[in-house]
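Here are a few exercises to help you find your way around a new structure. Try each one yourself before you read the solution.

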Amino acid sequence: METAWWKEAVVYQIYPRSFMDSNADGIGDLKGITSRLDYLKELGIDVIWLSPVYQSPNDDNGYDISDYRAIMQEFGTMADFDEMLAGIHARGMKLVMDLVVNHTSDEHAWFVESRKSRENPYRDYYIWREGKDGGAPNNWGSWFSGSAWQYDGRTDMYYLHLFSKKQPDLNWDNPKVREEVFSMMNWWCEKGIDGFRMDVISLISKKPGLPDGDVAPGALYGDSGCANGPRVHEYLQEMNRAVLSRYDLMTVGECAGVTVEEAKKYASLNGKELNMVFQFEHVELCDGPLGKWTDRRVDLKAFKQVMSKWQTELAGKAWNSLFLENHDQPRSVSRFGNDDPQYRAVCAKMLATCLHMMQGTPYVYQGEELGMTNCPFRTLEDFRDIESLNAFQELTQAGKAAPEEIMGYLRLRGRDNARTPMQWDDSENAGFTAGTPWIMVNPNYRQINAKKELADPDSVFHYYQKLIALRKQEKIMVYGTYALLEPDSGSLYVYTRTLGTKTLLVICNFTKEEVPYSVPEEYADAKVLIGNYTRSYAQGNITLKPYEALVLKCG
């Protein structure tokens, strides 16, 4: 298999608003990030993915951009950015920026012009349509609840917004839009950044004619059907020619609705589009009648089936991204494991082992390396995320569920779980800020924090450090082929990685029970590569402890 630095890298995602505040205004900032770079270097991180830091009115926490070439004032200045980038590079790490080009803010200069008149030169930068039958042009719903269309009385037309009404969709069918986007990307590349994570990039090509979408049972609106649209690969190949192929970049596309077959196009090893994609099949496994708003748990057999499908079907054709949590997902130890204090640490280590031993580029979300958990939000006023707040209003008003039931779903699945401040130490506000934090701090910060874990050689942090170091030593972790064992076990996730004459056997217990396992005979001479319990290994039958992870190496 062809080697590449981005295949061998481990990525750490920073959500700037919640990482580190340097000026006591309660909001994380660029100087705060710079002050913590040594921590990330100690963890062993290769690449930092930075959620958006561009100028924004913050309707969707920076994913509504009003100026792509300026820094959000709350986060600092372009000089602060340059200092941070230099600090990252000085430590041998790389920086991947978030690229948000499916939509802009409605306060972006292009949209300010676009809405002035039907004849404005910028009108066609966005998607405007006449109303139909006294209402919206079609039945599409926004991902953030409500219609995907906003009426604008100035020109008596509607504009499309697949997300917030303050996030109008760009018209990628307009070549001028593509030129503007590519010019901006080249500008950042010339600054010295090392890649892009592309927000909802699979949605940029809309169906011709914008037809009504299918309405799922119980849904209030139709599906836009924009995922993997008809010209998306054409546009990404054009982007590759105009920008990506000119630099040594890491590129990852957030591809909602992506299938294995589509992923082979987006992330083909021929290098015509992107290096890899984020797919969401494994985190959508327990979705219910209200979509993500559910209290269902992930079924292990289904989880193994989905993860194995992506491992085996992309092998030799495209590259996987490996993640269990990010800024849009709840905390993985609360979702896939057990955040009870008795089990939290071993469970966080088990999940990390299961993920990092697979083929693909692993992503660590800030605080995941500490085993941070979901936050016990008390009331609706504790939430900040537009998706959660809108869902509560829409679902309660439509009578889909009682308010307290929806609150339970928000606590389990809401995006704010990942956005509470990074837990640095046991001082007030977890050492994140000397001011009032923009969102509540998880009250368990006195038990779970970086200072405490750095001092404890058996901590989740040090386990992540070992996993990341192993990845640099063991090429089999990066390039080995994957095979699932025990597909029908509802307790164990067991798989192998093979490269040449070497094999790894990865055994993970996803339960709080002790589970027996008969190790195959060929592992008679195996050595323990890593595990989250101290144990000696003798060939034959073993009994796995609660949430135990064990990796054996042969050859």
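**Exercise 1: a pair of helices**

In this predicted model, α12 and α13 are roughly antiparallel to each other. Work out which angle lies behind that label, and which residues make the contact.

*Solution.* Start with the axes: those of α12 (residues 386-397) and α13 (residues 403-413) come within 10 Å and cross at roughly 155°. Angles over 145 degrees count as roughly antiparallel, so that's the label α12 and α13 get. As for handedness, their crossing is right-handed.

Next, look at the side chains. From α12 come S388, F392, L395 and T396, and they meet P403, I406, M407 and L410 of α13. Sort these contact residues by type and you get 6 nonpolar, 2 polar and no charged.

**Exercise 2: an open sheet**

Find the order of the strands in the 5-stranded open sheet, then say which helix packs on it.

*Solution.* Walk across the sheet and you pass β14, β15, β16, β20 and β18 in that order, with antiparallel pairing. At the edges sit β14 (481-485) and β18 (527-531), each pairing on one side only. On average, neighbouring strands here are turned by 20° against each other, ignoring direction.

Now zoom in on one edge. β18 and β20 (residues 549-554) run antiparallel and are joined by 4 bridges. Take G531: its bridge partner in β20 is L550.

Last step, the helix: α15 (residues 460-473) packs on the sheet and touches β18 and β20. The direction of α15 makes about 130° with that of β18.

Terms used
Residues numbered from 1 in each chain as written. Predicted model: local features only at pLDDT ≥ 70, side-chain atom pairs only at ≥ 80, totals over all residues. Heavy atoms only, no water. Pairing = 2+ DSSP bridges. Helix = DSSP H or I, 4+ residues; strand = E, 2+ residues; numbered from the N terminus. Axes fitted to C-alpha atoms, helices over the stretch in contact; angles between N-to-C directions. Contact = heavy atoms within 4.5 Å. Parallel < 35°, antiparallel > 145°, perpendicular 65-115°, else oblique. Left-handed = near helix turned anticlockwise from the far one by under 90°. Nonpolar A, V, L, I, M, F, W, Y, C, P; charged D, E, K, R; others polar.
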